[in-house]
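The following report describes the fold, the packing and the aromatic contacts of a single protein model. The structure is shown first, and the account then moves from the overall architecture to individual residues.

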Amino acid sequence: MSDVFADLVGQDEAVVELRRAAAAAAAVLRVGATDREPALIAAGPTGGDDGDAPLTGTDSSAGMTHAWIFTGPPGSGRSVAARAFAAALQCVHGTGCGECPGCHTTLGGTHADVRMVVPEGLSIGVGEMRALVLRAASTPSGGRWQVVVIEDADRL
């Protein structure tokens, strides 16, 4: 595997934007920021008609923000993009190298600071969302950021 974004075939614009945001997040850590915001990544079914997973809610000049929404029709790769971005945020090099422990454990679904939420029913319950908000507000236990990836976020 060359890097965490290798599976995002045909989504070059999205990969460029995600790499830029991951680099901006790494820069925040390098300058010694003490007030780190949790990263919330939501993958929902609405959005572009071209099969890509366009990014919404981001200012192209902002770099990194506290939340991202990946949109697109089913099968467009929004969950793959969200998982890859989460891995890039946890990368010890800040690049999404795909080889370091942060990348490896995030992609493998075992990173302690990355929570993947996949609704089992038609909605996500209030109790589960309250628990996720509390978790997102906590300090990372071993990673660089606290990340919550919510699949099918339209169910919120």
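Helices (H or I, at least four residues) and strands (E, at least two) are taken here as DSSP runs, numbered from the N terminus. On that basis the protein holds four helices and five strands, and its elements run α-β-β-β-α-α-β-α-β from the N terminus on. This is a predicted model, in which local features need pLDDT of at least 70 and side-chain atom pairs count only at pLDDT 80 or more, whereas totals for chains, interfaces and linings use all residues. Residues are numbered from 1 along each chain as its sequence is written, and side-chain values use heavy atoms, with hydrogens and water left out.

## Burial and contacts

A residue is called buried under 20% relative accessible area, exposed over 50%, and partly exposed in between (1.4 Å probe, protein chains only). Of the 156 residues of the protein, 42% count as buried. Contact means heavy atoms within 4.5 Å. Among contacts between residues at least 6 apart in sequence, 71% join residues at least 24 apart.

## Helix α1 and the segment before it

The 19 residues of α1 should span 27 Å at 1.5 Å a residue, and the end C-alpha atoms are 27 Å apart, which agrees; the expected span is 1.5 Å times one less than the number of residues. Buried residues in α1 are Ala14, Val15, Glu17, Leu18, Ala21, Ala22, Ala25 and Ala26. Valine 9 belongs to the segment before α1 (12–30) and is exposed, at a relative accessible area of 69%. Its C-alpha atom is separated by 8.9 Å from that of glycine 77, 68 residues apart along the chain.

## Aromatic pairs

A pair of aromatic rings is described by the distance of the centres and the angle of the planes. Rings of Phe, Tyr and Trp (its six-membered ring) pair if their centres lie within 6.5 Å; planes under 30 degrees apart count as stacked, over 60 as edge-to-face and the rest as tilted. The structure holds two such pairs.

| Ring pair | Centre distance | Plane angle | Class |
|---|---|---|---|
| Tryptophan 68 and phenylalanine 85 | 5.0 Å | 65° | edge-to-face |
| Phenylalanine 70 and phenylalanine 85 | 6.3 Å | 50° | tilted |

Tryptophan 68 lies in strand β3 (residues 67–70) and phenylalanine 85 in helix α2 (residues 78–90), so their pair ties together parts that are 17 residues apart in sequence. The tilted pair likewise links distant parts of the chain, with phenylalanine 70 in strand β3 and phenylalanine 85 in helix α2, 15 residues apart. Ring pairs thus link Trp68, Phe70 and Phe85 into a cluster. Tryptophan 68 is buried at a relative accessible area of 2%, and phenylalanine 85 is buried at 0%. Phenylalanine 70 is buried as well.

## Nonpolar cores

In soluble globular proteins, nonpolar side chains tend to be buried together. A nonpolar core is defined here as a set of buried Ala, Val, Leu, Ile, Met, Phe, Trp, Tyr and Cys residues joined through side-chain atoms within 4.5 Å. The largest has 26 residues, of which Val4, Phe5, Leu8, Leu18, Phe70, Phe85 and Val147 touch the most other members. The elements that give two or more residues to this core are α1, β3, α2 and β5, and α2 gives the most, with eight residues. Leaving aside neighbours within four places in sequence, phenylalanine 5 is in contact with Val15, Leu18, Arg19, Ala84, Phe85, Ala88 and Thr95. Apart from the largest core lies another of seven residues, including Ile124, Leu132, Val148 and Ala153.

## Strands β4 and β5

In a regular strand the side chains alternate between the two faces of the sheet. Five of the five residues of strand β5 (residues 147–151) are buried. Val147, Val149 and Glu151 lie on one side and Val148 and Ile150 on the other, and both faces are covered. Strand β4 (residues 114–117) runs parallel to β5 and is joined to it by four bridges; two strands pair if DSSP finds at least two bridges between them. Within this pairing, methionine 116 stands opposite valine 149 in β5. From β4 the chain crosses through helix α4 (residues 126–136) to β5 in a right-handed β-α-β crossover. Right-handed means that, with the strands pointing away from the viewer, the path from the first strand over the helix to the second runs clockwise.

## Threonine 105

Threonine 105 is found in helix α3 (residues 101–107) and counts as partly exposed at 24% relative accessibility. Leaving aside neighbours within four places in sequence, threonine 105 is in contact with Thr110 and His111.
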